[in-house]
Amino acid sequence: MKYDTIIIGSGISGLTIAAILGRRGQKVLIIEKNHRPGGALKRFKRQKIAFDVGFHGTGCLGEGQILKKLWNYCGVSSRVAIRPFPDLASDLYHFGNGQEPIHGYFNYTHFEEELCRHFPSERRGVADYLQLVRDICQQTPFYNHELPLTPFLRGFKTELNSLSETITSLTDNPYIQAVLTAPVYLYGAPAELAPLEKHATVVHGYYSGNYSVDGGGQAVVDGFLESLSDAGVELLLSEEVLHIITDDRGVSGVETSSKMTIHGDNVIHTGHPSTVPAMTDTSLLRPAYRKRLSNLENSLSLFAVYGKMSTDVNHDKVCWNNFYKIPLGSDLLPATPVTPASERALIMICSGSRDIKNLQFNQNGVMLLRPAYWQEVEQFHDSSKNNRVAAYEEYKALIASEMIESAEMQWGHLCGKITPLAVGTPLTFRDELSSPQGSAYGVLHGRDQITPDTRTRVPGLFLSGQSTLMTGVVGASLAGLVTAGELIGLEELWDDIRKC
């Protein structure tokens, strides 16, 4: 059996590529090593409460916005129920010092008014920053659909400015610095390394509206699977690609964990790029490029607690707000674990009634997130998810207990008592998502590191996923768009999608 394209990995990037190529009549196979497709979009359940790992809301799903256009093109929009967040929903920033919390509204006007209400003397700096974000995104085709795609892609990763330096040059107010910097948590980049341009492409989507989907990330996966089935795309589960086969002309197929040889003209790897060198021995992949992929610096990881609240989740103030407790200033996410875990940012998400079709509706699920570093669990690195040592389980329980205590102290009037049902650490992210060092957002998108391009020097071998173009659901989806475009024509595909 031979395919036009073999896609390694069934996350949102792989699903997007398959939908586009399948629509164009290609014979496509997705190979997924797990028994369920979907990558970080999948849900899991504890005590009949469903939890999303990687989908808690996204920008760009409004009419005329890029993710909605892309899902229209892929045949997914009609298969999912998209729900906009209410007008006054927000990220709610607490500082733990008696300062009134600040709402990070998913609306430019409301957000600017909120910051100026708290700090009227900072009006100029706030306005200048938000205008700067708009100006950057006006030059980005994904937000300004009149622009061609190719020139943007060729210059997107060069001449990046410092996010921290930009914000501190516009305001010396530590509260505003913290709120404007806080979206670094959405892509796991230390603030000191974060590029202004990448930051702007992330926050603009949220400042322009936030959206949920009934059924969460799992509903998105299911919608794609229906569309892929209609297009004749094949899916092979519980099978791991161990080797990418090449000859002197380039890619010719893959070999899998069950010793299957599957032939294909193109192979697209959507996972972490550092795993690619070990998968192929071709001399077409030059030593310097192999070393570059192997040594890529990663985004930071997370500690995660999935639990049950003792209070009713069906409260608008709880369900449609994401609660943050963050430190002051612009250095919110240090590159190394110099800040004790108990003093780092803490995020609480109670998303139950955002989702009227989910078992979580009318139940009281809650998720707590806190930045984490590989060094903190590295001593347990040789364990697997089915073989953890007692010391690791004790460490994990200690982290969960401290996070729950902090959440109850800050938001106990909303969440009541929290009972942990599952706990994740960088080891969990490493093992469940095949993410080296447990990086929550793949390769670090920083000023000092150029992430890999879609094309490689091996004909027929391509990279995709959030480690290439941008992070998150939107970023990985757009990476899929770009990768598919490299195979079938970037500008032709871009013209088709922006008409949707």
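## T16 in helix α1

T16 sits in helix α1. The model is a predicted one. T16 has a relative accessible area of 0%. That value is under 20%, so T16 counts as buried.

Which residues does T16 contact, once neighbours within four places in sequence are left aside? They are L70, C74, F224, S477, G480 and L481. Among these partners, S477, G480 and L481 belong to helix α14.

## Packing of α1 on α14

Helix α1 spans residues 12-23, and helix α14 spans residues 472-488. Their axes come within 8 Å. They cross at roughly 35°. The crossing of α1 and α14 is right-handed.

On the α1 side, the contact is made by I12, S13, T16, I17, I20 and L21. On the α14 side, V473, A476, S477, A479, G480, L481, T483, A484, L487 and I488 take part. What is the chemical make-up of the contact between α1 and α14? Its residues comprise 11 nonpolar, five polar and no charged.

## Nonpolar cores

The largest nonpolar core holds 56 residues. F95, F111, Y129, L163, Y185 and I326 touch the most other members. Which helix supplies the largest share of this core? Helix α4, residues 123-138, does so with six residues. Apart from this core lies another, of 51 residues. Its members include V28, A219, V474 and L481. L481 is also one of the α14 residues that meet α1, and a contact of T16.

F111 belongs to the largest core. Leaving aside neighbours within four places in sequence, F111 is in contact with H103, G104, Y105, L130, V179, L180 and Y207. Of these, L130 falls within the residue range of α4. In soluble globular proteins, nonpolar side chains tend to be buried together.

## The seven-stranded sheet

Seven strands form an open sheet. Their order is β7-β6-β14-β15-β16-β13-β17, and the pairing is mixed. The edge strands are β7 (102-105) and β17 (418-424), each pairing on one side only. H103, G104 and Y105, which contact F111, lie within the range of edge strand β7. Neighbouring strands are turned by 25° against each other on average, with direction ignored.

How do β13 and β17 pair, parallel or antiparallel? The two strands run in the antiparallel sense, over six bridges. Strand β13 covers residues 301-309. Within this pairing, G307 stands opposite P420 in β17.

How values were computed: Residues are numbered from 1 along each chain as its sequence is written. This is a predicted model: local features need pLDDT of at least 70, side-chain atom pairs count only at pLDDT 80 or more; totals for chains, interfaces and linings use all residues. Side-chain values use heavy atoms; hydrogens and water are left out. A nonpolar core is a set of buried Ala, Val, Leu, Ile, Met, Phe, Trp, Tyr and Cys residues joined through side-chain atoms within 4.5 Å. Buried means under 20% relative accessible area, exposed over 50%, partly exposed in between (1.4 Å probe, protein chains only). Helices (H or I, at least four residues) and strands (E, at least two) are DSSP runs, numbered from the N terminus. Contact means heavy atoms within 4.5 Å. Two strands pair if DSSP finds at least two bridges between them. Axes are lines fitted to C-alpha atoms, for helices over the stretch in contact, and angles run from 0 to 180 degrees between N-to-C directions. A crossing is left-handed if the near helix is turned anticlockwise from the far one by less than a right angle, and right-handed if clockwise. Ala, Val, Leu, Ile, Met, Phe, Trp, Tyr, Cys and Pro count as nonpolar, Asp, Glu, Lys and Arg as charged, and the others, Gly among them, as polar.
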